[in-house]
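Q: Could you take a close look at a single part of this protein, the side of one domain that touches the other, and follow it outward to the ligands and the annotated loop beside it?

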Amino acid sequence: MTLTVRAPAKINLHLGVGAPREDGFHPLATVYQAVGLYDDLTVVDADGWSVDVAVSDWMDRGQVPLGGDNIVDRAAALLAAHHGLEVRGTAHVDKSIPVAGGMAGGSADAAAALVALDRLWDAGTTDDDLLELAARLGSDVPFALIGGSALGTGRGELVERVADHGSWWWVLVPSPTGLSTPEVYRHFDRLRPDAPAVPPVPEALLDALDAGVPHALAATLHNDLQEAALDLRPDLGRLIEAGESEGALRGMVSGSGPTCVFLCEDPDAARAVAGGLQEQYDVVLVAGGAVAGAHTVTYG
Ligand SMILES: C[C@@](CO)(OP(=O)(O)O)[C@H](O)COP(=O)(O)OP(=O)(O)OC[C@H]1O[C@@H](n2ccc(N)nc2=O)[C@H](O)[C@@H]1O
Ligand SMILES: Nc1ncnc2c1ncn2[C@@H]1O[C@H](COP(=O)(O)OP(=O)(O)O)[C@@H](O)[C@H]1O
């Protein structure tokens, strides 16, 4: 049997970060949106276990760990242990989501692996168990399973769908070099010693999402990690200014960065902003949201 599961990148429309908890994680109030940029994971029945990775031509394959350290290896081991099964199969990942880019590409691969291997092994994992295993793999992994637009609380792993009546258009500008998520959180701690114990839920942004009005959403986008990411990578500030002067409604850092994302009024505006940015930046992508979470695309 062979099957391919596709999983989307995410943007944090709102990323509210609190003071670090005793376990070192930061409490979040975040609103995720899954966007149309995907990693595809194909699994095939085989004796033994192996993972290999191919990347889009603009990406550096060397940034993705292999030899047992890939998050797909961890997902496979966790699912197998949960069911008392042997880890079996070959997994091939086709990556289009920037690595260490703040778009949760590794989390997408982990979610895809859980969905694909559950099917390959005929394991019948319940949705609740899949979400629980996902949370153990990473704070962003449960969202990669459910997709759409969702509120994330706890350390980001507690997810619930939110009303979204928009058709949103984004320009995405990845960076050739990644940013380390823990490093950005550590820098946030230095910049924001006064962060709250529990960050508030962004009601105005949730209203704008529900209403589906791009200008209203643009006015409410917010990322508490942006200041830290811009401090570590001042070039991103110039990128955000460039995208806004090309006509984007708003530009922001995606999650912990360094990918920057630009909300545009409609598909034509997104293509115009992308065209302008392409004169200065090598890789400029256009994606729509919200899209589905990890889902099977071929099966047989
Ligand atoms: C910042 C966010 C925003 O959605 O995503 P990215 O921008 O990296 O994609 C997430 O919080 C990243 O989630 P994810 O990448 O799954 O993080 P994890 O594997 O759980 O944790 C990696 C490290 O990030 C830090 N971390 C993560 C989540 C959190 N709520 N507080 C933290 O302090 C910790 O240092 C942790 O060791
Ligand atoms: N399948 C994978 N794809 C990408 N990165 C992976 C994968 N497995 C493990 N990693 C490691 O996870 C780190 C974070 O990756 P990623 O999820 O792409 O970034 P981010 O957390 O910024 O969204 C990478 O730097 C890499 O070392």
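A: What follows starts at the contact between the domains and moves from there to a helix, the two ligands and a loop.

The model is predicted, and the protein in it is divided into domain 1, made of 2-162 + 295-299, and domain 2, made of 168-289. The C-alpha centres of the two domains lie 22 Å apart, and 32 residues of domain 1 are in contact with 41 residues of domain 2. On the side of domain 1 that touches domain 2, at least two residues each come from strand E1 (2-17), strand E2 (28-44) and strand E5 (149-153), with E2 giving the most, eight residues. Sorted by class, that side of domain 1 has 21 nonpolar and 11 polar residues and no charged ones.

Helix H6, residues 203-211, has as its buried residues Leu205, Ala208 and Leu209. Seen down the axis of H6, these buried residues fall within an arc of 100 degrees, so they line one face of the helix. This fits a general point: an α-helix has 3.6 residues a turn, so residues three or four places apart point the same way. The buried residues of H6 pack against E1, E2 and E5, and also against helix H7 (214-220). After H6 comes Gly212, whose phi is positive, near 75 degrees. According to an unreviewed UniProt entry, the annotation "domain: GHMP kinase C-terminal" covers residues 207-282; the end C-alpha atoms of that span lie 35 Å apart, and the span is 55% helix and 14% strand.

Ligand 1 is surrounded by 20 residues, of which the closest are Gly138, Ser139, Asp140, Arg155 and Gly255. The elements that give two or more residues to this shell are E1, E2 and helix H5 (181-191), and H5 provides the largest share, three residues. By class, the shell around ligand 1 has seven nonpolar, 11 polar and two charged residues, and at least three residues are drawn from each of domain 1 and domain 2.

Around ligand 2 there are 19 residues, and Ile71, Ala100, Gly105, Gly106 and Asp109 come nearest. Helix H1 (71-83) and helix H2 (105-120) each supply at least two residues of this shell, with H2 giving the most, four residues. The shell around ligand 2 divides into nine nonpolar, nine polar and one charged residue, and it draws at least three residues from each of domain 1 and domain 2.

For "binding site", an unreviewed UniProt entry lists a set of residues that includes Val99, Ala100, Met103, Gly105 and Gly106. Val99 has its place in the loop between strand E4 (89-95) and H2, and Met103 lies in the loop between E4 and H2. How is each of them placed, buried or partly exposed? Val99 has 19 other C-beta atoms within 10 Å and is therefore partly exposed, since a residue counts as buried at 20 or more. Met103, with 28 other C-beta atoms within 10 Å, is buried. Leaving aside neighbours within four places in sequence, Val99 is in contact with Met59, Gln63, Val64, Gly105 and Gly178, whereas the contacts of Met103, with such neighbours left aside, are Ala9, Lys10, Ile97, Pro98, Ser254, Gly255 and Thr259. Gly255, in contact with Met103, is also among the residues closest to ligand 1, and Gly105, in contact with Val99, is one of those that come nearest to ligand 2.

Notes:
Residues are numbered from 1 along each chain as its sequence is written. Chains are lettered from A and ligands numbered from 1 in the order in which they are written. This is a predicted model: local features need pLDDT of at least 70, side-chain atom pairs count only at pLDDT 80 or more; totals for chains, interfaces and linings use all residues. Domain bounds come from an automatic or database domain assignment. Two residues are in contact if their C-beta atoms, placed from the backbone, lie within 7 Å. Ala, Val, Leu, Ile, Met, Phe, Trp, Tyr, Cys and Pro count as nonpolar, Asp, Glu, Lys and Arg as charged, and the others, Gly among them, as polar. A residue is buried if 20 or more other C-beta atoms lie within 10 Å of its own, exposed if 12 or fewer, and partly exposed in between; C-beta atoms are placed from the backbone. The arc is that of the directions from the helix axis to the C-beta atoms. A residue is near a molecule or strand if its C-beta atom, placed from the backbone, lies within 6 Å of it. UniProt positions are given in the numbering used here, feature names are shortened, and annotations may be inferred rather than shown by experiment.
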